[in-house]
Amino acid sequence: MAYDPRISYDPTRKLTDGDVLSSKPDGWWGDAGKLYRDFPFPNFMDGVNFAVRVAQHAEERGHHPDIHIHYHYVRVNYYTHDAGGVTQLDLDAAQALNDLLAGDAPA
């Protein structure tokens, strides 16, 4: 990522690949400087509804992932643009999304 004076670019916050791999929450993977997870769904609309919930959750946290809706799954990518890679903020957001989903699981 090139320096853009309109944002507070701070690459010192970027974690190493080793840090990301050792600290990533369950179900998440690191790839090309991003933290991502695929969430499967039985149909397209269930995936769309999930993506809306992820967006609402991100808005509340003030940290927004890239959300890719496919026919039977949704991929969520966390990446801190102003650091040029994965930061602790991304790891925390991914864990918070896991926690949100765990709250949905039937007891």
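Which residue stands opposite Val74 in β4? In this predicted model, the residue is Ile69. The close-ups below start with the whole chain and then come back to that spot.

**View 1. The whole chain, with its 3 helices and 4 strands.** Reading from the N terminus, the elements go α-β-β-α-β-β-α. The chain has 107 residues, and 33% of them are buried. Take the contacts with a separation of 6 or more: 65% of them link residues 24 or more positions apart. As for the outside, the accessible surface is about 6,500 Å², with 53% of that area belonging to carbon and sulfur atoms.

**View 2. The largest nonpolar core, built from 16 residues.** Look for Trp28, Leu35, Phe39, Phe50, Val76, Tyr78 and Leu97, which have the most contacts inside this core. At least two core residues come from each of β2, α2, β4 and α3. The top contributor is α3, which puts in 4 residues.

**View 3. Trp28 and the company it keeps.** Setting aside neighbours within four places in sequence, Trp28 touches Leu35, Tyr36, Arg37 and Phe39. Val76 and Tyr78 are also in contact with Trp28, and so are Ala94, Leu97 and Asn98. Several of these partners show up again among the core residues with the most contacts, including Leu35, Phe39, Val76, Tyr78 and Leu97.

**View 4. The β3-β4 hairpin.** Here β3 (66-69) and β4 (73-78) run antiparallel, joined by 4 bridges. The hairpin gets from β3 to β4 through 3 residues. This is where the opening pair sits, with Ile69 opposite Val74 in β4. Tyr71 is found in the loop between the two strands. Is Tyr71 buried or exposed? Its relative accessibility is 54%, so Tyr71 counts as exposed, the cut-off being over 50%.

**View 5. A nonpolar patch on the surface.** Two residues from the previous view, Ile69 and Tyr71, turn up here alongside Phe44 and Met45. Together the four have about 420 Å² of accessible area.

**View 6. Arg13 and Asp82, one of 2 salt bridges in the structure.** The closest N and O atoms of this pair are 2.7 Å apart. Arg13 lies in the segment before α1 (17-23) and Asp82 in the loop between β4 and α3 (88-104), so the bridge ties together parts that are 69 residues apart in sequence. Both ends are partly exposed: Arg13 has a relative accessible area of 36%, and Asp82 has one of 24%.

**View 7. Arg75 and Asp38, a strand-to-strand salt bridge.** The side chains meet at 2.6 Å, N to O. Since Arg75 belongs to strand β4 and Asp38 to strand β2 (residues 34-40), this pair ties together parts 37 residues apart in sequence. What are the relative accessible areas here? Arg75 is partly exposed at 27%, and Asp38 counts as partly exposed too, at 33%. As a general reminder, side chains of opposite charge can pair when their charged atoms come close.

How values were computed. Residues are numbered from 1 along each chain as its sequence is written. This is a predicted model: local features need pLDDT of at least 70, side-chain atom pairs count only at pLDDT 80 or more; totals for chains, interfaces and linings use all residues. Side-chain values use heavy atoms; hydrogens and water are left out. Patches are made of residues with over 30% relative accessible area and no salt bridge: like charges are joined within 9 Å, nonpolar side chains (Val, Leu, Ile, Met, Phe, Trp, Tyr) within 5 Å. Accessible areas come from the Shrake-Rupley method with a 1.4 Å probe; for residues, only the protein chains shown count as cover. Buried means under 20% relative accessible area, exposed over 50%, partly exposed in between (1.4 Å probe, protein chains only). Two strands pair if DSSP finds at least two bridges between them. Contact means heavy atoms within 4.5 Å. A nonpolar core is a set of buried Ala, Val, Leu, Ile, Met, Phe, Trp, Tyr and Cys residues joined through side-chain atoms within 4.5 Å.
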